[in-house]
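Subject: Structure for your review

Hello,

Here is the structure I said I would pass on. My notes on it follow below.

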Amino acid sequence: MEPLTYRPRRNRRNPAIRSLVRENVLQASDFYWPVFVTDGEEQHIPIASMPGVFRLSVDELIKDAREAHALGINALALFPVIAEVLKDPVATESKNPHGLLPTAIRALKEALPDLLIVTDVAMDPYSSDGHDGVVSNGQIINDETLPILADMAVAQADAGADIVAPSDMMDGRIGYIREALDNAGYSNVGILAYSAKYASAFYGPFRDALDSAPKHGDKKTYQMDPCNAREALLEVALDVAEGADMIMVKPGMPYLDVIYAVRENTDLPVAAYQVSGEYAMIQAAAQNGWLDKDKCMMESLMAFKRAGADMILTYFAVEAARKLKEGWVW
Ligand code: PBG
């Protein structure tokens with residue numbers, strides 16, 4: 001047999017060579033951690049479809065946030081569980097300065113001033129319709145929703161949020177929110193735009209966690225069609241033009257092609273959201289003994305870096321940061 005010219009295996013011969021030629025790295029500072037906040041004290045309420053994830057009262061959240069921060073996680077995404085009685089068609093509770101979310105932000109900022117707080121801007125946790133916009137005759141009304149989102153974002157900034165993350169998919173909301181923040185004196189508060197957010201079935205467990213599923217209809221008139229990729233670039237271009245500081249693609253693993261395309265088309269930082277259903281799939285398979293949880297967790301997170309994401313929003317953040325600290329071997 002002729003000697004082989006190319007032997008790619010030479011670069012994989014041992015761990016030292018593999019570490020030398022490795023193209024991507026994963027570090028705790030790549031992660032930001034989504035958490036569910038609930039009323040009360042000493043609350044640590046499990047979520048059936050998300051093993052290992054809890055609805056935390058503010059006191060418990062501070063303890064967990066301290067641990068996460070010590071592991072090198074620099075940002076938290078907060079999602080409040082709003083009592084059903086406080087929900088209404090126009091999400092009034094979302095601008096209550098004494099509401100659960102502003103209270104949690106202030107407490108976290110006092111305990112851990114360097115930990116970045118990212119807040120979701122969307123009506124659904126506060127809406128009696130469970131939609132991200134105002135509903136009228138079964139339609140989601142875009143332009144009537146914008147001032148509500150702007151008020152929500154300003155209320156979050158008032159409480160101390162560092163970055164607001166509109167996840168509602170209304171048209172024109174990035175520019176509208178930017179202007180409102182600037183007018184309120186918050187030109188330093190950044191906007192992480194959920195630009196390419198798909199109408200995905202992988203959000204199911206999240207909606208269990210917040211009791212925020214739509215009461216009627218679905219989200220297909222505002223969230224993107226899973227069949228489309230080019231359309232994501234249009235959404236990104238608009239959000240960039242309107243003043244976004246960072247771009248998000250969501251869900252994550254089923255949309256790695258979109259992350260890659262967005263990476264190629266913008267120089268802004270790109271975030272990937274490994275959503276609740278992605279988390280649930282790995283946990284469920286691991287609980288059955290069908291998959292190795294730690295290995296699948298790390299491999300799934302690395303996939304986002306390889307696709308071009310700069311940051312990863314993941315429910316695995318703390319566990320993965322712990323593995324990295326222990327010295328994860330690829
Ligand atoms: C709210 C929002 C959702 C998620 C993040 N923000 C749900 C939805 O749009 O229905 C989903 C996150 C997850 O599944 O982990 N607008």
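**Helix packing**

In helix 8, L256, I259, Y260 and R263 meet A303, F304 and A307 of helix 10; contact here means heavy atoms within 4.5 Å. Helices (H or I, at least four residues) and strands (E, at least two) are DSSP runs, numbered from the N terminus. The residues of this contact divide into six nonpolar, no polar and one charged, where Ala, Val, Leu, Ile, Met, Phe, Trp, Tyr, Cys and Pro count as nonpolar, Asp, Glu, Lys and Arg as charged, and the others, Gly among them, as polar.

Helix 8 covers residues 256-265 and helix 10 residues 293-307; they pack at an angle of about 30 degrees, with their axes 8 Å apart. That makes helix 8 roughly parallel to helix 10 (angles under 35 degrees count as roughly parallel). Axes are lines fitted to C-alpha atoms, for helices over the stretch in contact, and angles run from 0 to 180 degrees between N-to-C directions.

**How far to trust it**

This is a predicted model, in which local features need pLDDT of at least 70, side-chain atom pairs count only at pLDDT 80 or more, and totals for chains, interfaces and linings use all residues. Residues are numbered from 1 along each chain as its sequence is written, and side-chain values use heavy atoms, with hydrogens and water left out.

**Ligand**

Around the ligand there are 18 residues, of which K197, R207, K250, S276 and Y315 come nearest (a heavy atom within 4 Å puts a residue in this group). A polar side-chain atom of K197 lies 2.7 Å from an oxygen atom of the ligand, and an N or O atom in the side chain of K219 is 2.7 Å from a ligand oxygen atom. For D124, a polar side-chain atom lies 3.2 Å from a nitrogen atom of the ligand.

**Backbone**

The peptide bond from K250 to P251 is cis, with omega near -10 degrees. P251 is in the loop between strand 10 (246-250) and helix 8.

Regards

Technical notes
Angles under 35 degrees count as roughly parallel, over 145 as roughly antiparallel, 65 to 115 as roughly perpendicular and the rest as oblique. A polar contact is a pair of N or O atoms within 3.5 Å; within protein, one must be able to donate a hydrogen and the other to accept it, and residues adjacent in sequence count only if both atoms are side-chain atoms.
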